[in-house]
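Visitor: I have a model on my screen and a list of labels for it. Please take me through the reasoning behind them.

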Amino acid sequence: PRGGPPPPKKKPSPPSHVLTLGEINPNVLSAQYAVRGELVQRAAAIKEEMAAGSANVPFKKVLECNIGNPQAVGQSPIGFNRQVLSLMVCPALLDQPGVDALFAPDAIARAKEYLAAIPSGVGAYSDSQGFRIVREQVADFISSRDGLPASPEDIFLTDGASKGVGFLLSLILRGGGSDGLLVPIPQYPLYSATLALQETHMLGYELDEAAGWSLPISLLEAELEDAQAKGVATRALVVINPGNPTGNSLPYDNMVECIDFCAKHGLVLMADEVYQENIWDGGRPFHSFKKVLMEMSPRPNLQLVSFHSTSKGFLGECGLRGGYFEIVGFDPEVKAQLLKLISIGLCSNTLGQIATGLMVQPPRPGDASYEIYSGERDAILASMKRRATMLVDGLNALEGVTCNQPQGAMYAFPSITLPPKAIAAAKDAGKVPDTFYALALLEATGIVVVPGSGFGQKEGTWHFRTTFLPPESEMTDVVDRMTAFHADFMGKYA
């Protein structure tokens, strides 16, 4: 034919990248997690520079006060727990000569008890709900704590409390952008980040800082009414008690009001109770929401989920990722769907499950390890209380800084009155004012804190969250560094 065959068509070039920032899930872009945000990234870069000998900084050590991670700043693990975990990881040690000289007899007995109940050991998957023996121990712990019955069938073992929160939010929130969740302001960024990923409205209710971060029920009612007017279906109320980042501990009567509110409006109550061992004000003891609910007469019709973790308290076993949640008032059909959801991930990590069992069933009086265990526990908690007082007293001595004494948890959340020139400088730098302050604190002192804007705060106020977890021997240095920096900062922008 005239002209010959047509030339072959040129194949289009493949894109250089399958995923670009403009093509990923936009909810990931909008999600923020302040405790591992900009400040932590800059601190990591400084540490790399210091390790390489290229850092030009006026300090010798970065102090990570940004996250409740006790063992990262020097806290030692509890000996009994680590002995049992060692034997679980390597059961052959039980048959070695001299094992009795290396391990306490009650640690050996506990490991044997677990291995008898878990013949496949910790290297195999467990049931999706978690080892039965550990769930029984959790139920016994709850029964002893509250003086009320608990069932292992209502206990789910999870990779820390955070994973449990994620499961429940996946179950409760229906997608489509019309559901909402009542969350305290300030709040732990796990909640805001998860809600951003699920396209759910975060309905923030502001805690009253002037009243010790109390929880006014009138604000809950107003926030709910406003959500209804906007067509948002409120599904649950989150209460963090003791509070993170605020360090408050709710009084009993306030908890009764929360339960009545949820029952009145048909909301699930999600009780984040991971700091229940961290109580510093004897006048505000910890009460579980389950205990309060069961003591009410008449008892409201309520669906309640309570979360706990091995990461906090005096254990500080953050990396083991152990935790659980207990459900109350859930229909069997809903519970079956929850188990199905959890089973998609097969099971939580087995060492975390054992760590949870050790948390809820420690050595008892008369056991070989009891005296050492109780001594370690009491020393850690007493030191935390002293460190909390030392830090907050130091913060309250600073110009323009006020801080409530923590009633519980591991944090101080001071309010800072920043000079207008500092706010203007922050704007010029493209930073939120409390982030600007926290970055300057890091560069001058090596102390890593989290800006209050990462947790949410009342409009026109500025805060930061700091732990009081650095070793007690270093707390005076922490306060001195903060004091010198703050004076320089306030003078610079006066």
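Guide: What follows is a set of short answers about a predicted model.

Visitor: Let's start with burial. Why is N248 called buried?

Guide: Its relative accessibility is 5%. Buried means under 20%. N248 is under that cut-off, so it counts as buried.

Visitor: Where is N248, and what is it in contact with?
Guide: N248 sits in the loop between β5 (233-240) and α10 (252-265). Leaving aside neighbours within four places in sequence, its contacts are G212, W213, N241, P242, G243 and Q407.

Visitor: What makes the pair N248 and T246 a polar contact?
Guide: Their side chains are joined at 2.4 Å. The cut-off is an N or O pair within 3.5 Å. The value of 2.4 Å falls within 3.5 Å, so the distance condition is met.

Visitor: Why is A397 called exposed?
Guide: A397 has a relative accessible area of 65%. Exposed means over 50%. A397 is over that value, so the label exposed applies. The residue lies in the loop between α14 (370-396) and β9 (401-402). Its C-alpha atom is 8.4 Å from that of T483, 86 residues apart along the chain.

Visitor: And P91? Why is it called partly exposed?
Guide: The relative accessible area of P91 is 35%. Buried needs under 20%, and exposed needs over 50%. A value of 35% is in between, so P91 is partly exposed. P91 belongs to the loop between α3 (79-89) and α4 (99-102). Between P91 and V122 the C-alpha distance is 9.9 Å, with their positions 31 residues apart in sequence.

Visitor: Now a helix. Why is α13 described as largely enclosed by the rest of the structure?
Guide: Helix α13 covers residues 350-360, and 10 of its 11 residues are buried, so the description follows. Among the buried ones are T350, Q353, I354, L358 and V360.

Visitor: What caps the N-terminal end of α13?
Guide: N349 does. A side-chain oxygen of N349 lies 3.3 Å from the backbone nitrogen of L351. The polar cut-off is within 3.5 Å, and 3.3 Å satisfies that distance.

Visitor: On to strands. How do you know that both faces of β2 are covered?
Guide: Look at the two sides of β2 (residues 155-158). I155 and L157 are on one side, F156 and T158 on the other, and all are buried. For T158 the relative accessible area is 3%. Buried means under 20%, so T158 qualifies.

Visitor: What surrounds T158?
Guide: Leaving aside neighbours within four places in sequence, T158 is in contact with residues including K163, F167, R321, Y324 and S348. A polar atom of the T158 side chain also lies 2.8 Å from the backbone oxygen of G160.

Visitor: What makes β2 and β8 a pair?
Guide: Four bridges join them, and the two strands run antiparallel. Pairing asks for at least two bridges. Four bridges meet that, so β2 and β8 pair. In one of these bridges, I155 has E326 of β8 as its partner.

Visitor: Why are β10 and β13 called edge strands?
Guide: The open sheet has the order β10-β14-β13, with antiparallel pairing. β10 (411-412) and β13 (450-451) each pair on one side only. Two bridges join β10 to β14 (residues 464-467). The requirement is at least two, so that pairing counts. Y411 stands opposite T467 in β14.

Visitor: Last, the cavities. How many are there of 30 Å³ or more?
Guide: Three. The largest contains about 80 Å³ of space. Its lining includes P184, Y205, L215, I240 and N248. That lining divides into eight nonpolar, four polar and no charged residues.

Visitor: And what lines the second largest cavity?
Guide: I142, R145, E273, Q276, S306, F307, H308, Y324 and E326. The elements giving two or more of these residues are α6 (132-146), β7 (304-309) and β8 (323-328). β7 gives the most, with three. The volume is about 50 Å³.

Visitor: How does the lining of that second largest cavity divide by residue type?
Guide: Into three nonpolar, three polar and three charged.

Note on methods
Residues numbered from 1 in each chain as written. Predicted model: local features only at pLDDT ≥ 70, side-chain atom pairs only at ≥ 80, totals over all residues. Heavy atoms only, no water. 1 Å grid on protein atoms, 1.4 Å probe; cavity = no way out; pocket = protein on both sides within 12 Å on 5 of 7 lines; lining within 4 Å. Points joined across faces, edges and corners; volume = space filled by probe spheres on them. Nonpolar A, V, L, I, M, F, W, Y, C, P; charged D, E, K, R; others polar. Buried < 20%, exposed > 50% of the residue type's maximum accessible area, 1.4 Å probe, protein only. Contact = heavy atoms within 4.5 Å. Polar contact = N/O pair within 3.5 Å; in protein donor to acceptor, adjacent residues only side chain to side chain.
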